[in-house]
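Q: Got a model to go through. Can you take me through it?

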Amino acid sequence: PTTTEEVVQTPEELGKEIFEGKGNCVACHQVDKKVIGPSLQDIAKIYKEKNGNIIAFLKEDAKPLVDPSQYEVMKTNFAVTKVMSDEELKGLEAYVYSNLK
């Protein structure tokens, strides 16, 4: 008999998987440098300082805090993030904050 062992992911692991996989966030965001969008370190730092809500932003319920000039570019991606589950969005948020230095 084979047992299937449930692999439980931490929110950070789930977030990283989404970030690099189906979310394709990595197309515009890097961990430690600005490419098209701000780096995860900058996002984490600014959201923490301003007590911002990353999940609300990804649901298009909050204004951009980090780089409003790039908001138009980001807007097309809300189609992707708006259909994500709360668990997935919490994972992305956890992954962003895990990069805080």
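Q: Charges up front. How far apart are the mean positions of the positive and negative charges?
A: They sit 7 Å apart, for 13 positive and 17 negative charges in the protein chain. Lys and Arg count as positive, Asp and Glu as negative, with His and the chain ends not counted. Each charge is placed at NZ of Lys, CZ of Arg, CG of Asp or CD of Glu.

Q: And where do the coordinates come from?
A: The model is predicted: local features need pLDDT of at least 70, side-chain atom pairs count only at pLDDT 80 or more, and totals for chains, interfaces and linings use all residues. Residues are numbered from 1 along each chain as its sequence is written, and side-chain values use heavy atoms, leaving out hydrogens and water.

Q: How many helices and strands?
A: Six helices and zero strands. Those are DSSP runs, H or I of at least four residues for helices and E of at least two for strands, numbered from the N terminus.

Q: Which residues of H2 are buried?
A: In H2 (residues 40-49), Leu 40, Ile 43, Ala 44 and Tyr 47 are buried. Buried means under 20% relative accessible area (1.4 Å probe, protein chains only).

Q: Why do they line one face?
A: Down the axis of H2, the buried residues fall within an arc of 95 degrees, so they line one face of the helix. The arc uses directions from the helix axis to the C-beta atoms.

Q: What covers them?
A: The cover includes H1 (11-20), H3 (54-58) and H6 (86-98).

Q: What comes just after H2?
A: Asn 51, with a positive phi of about 55 degrees.

How values were computed. Buried < 20%, exposed > 50% of the residue type's maximum accessible area, 1.4 Å probe, protein only. Contact = heavy atoms within 4.5 Å.
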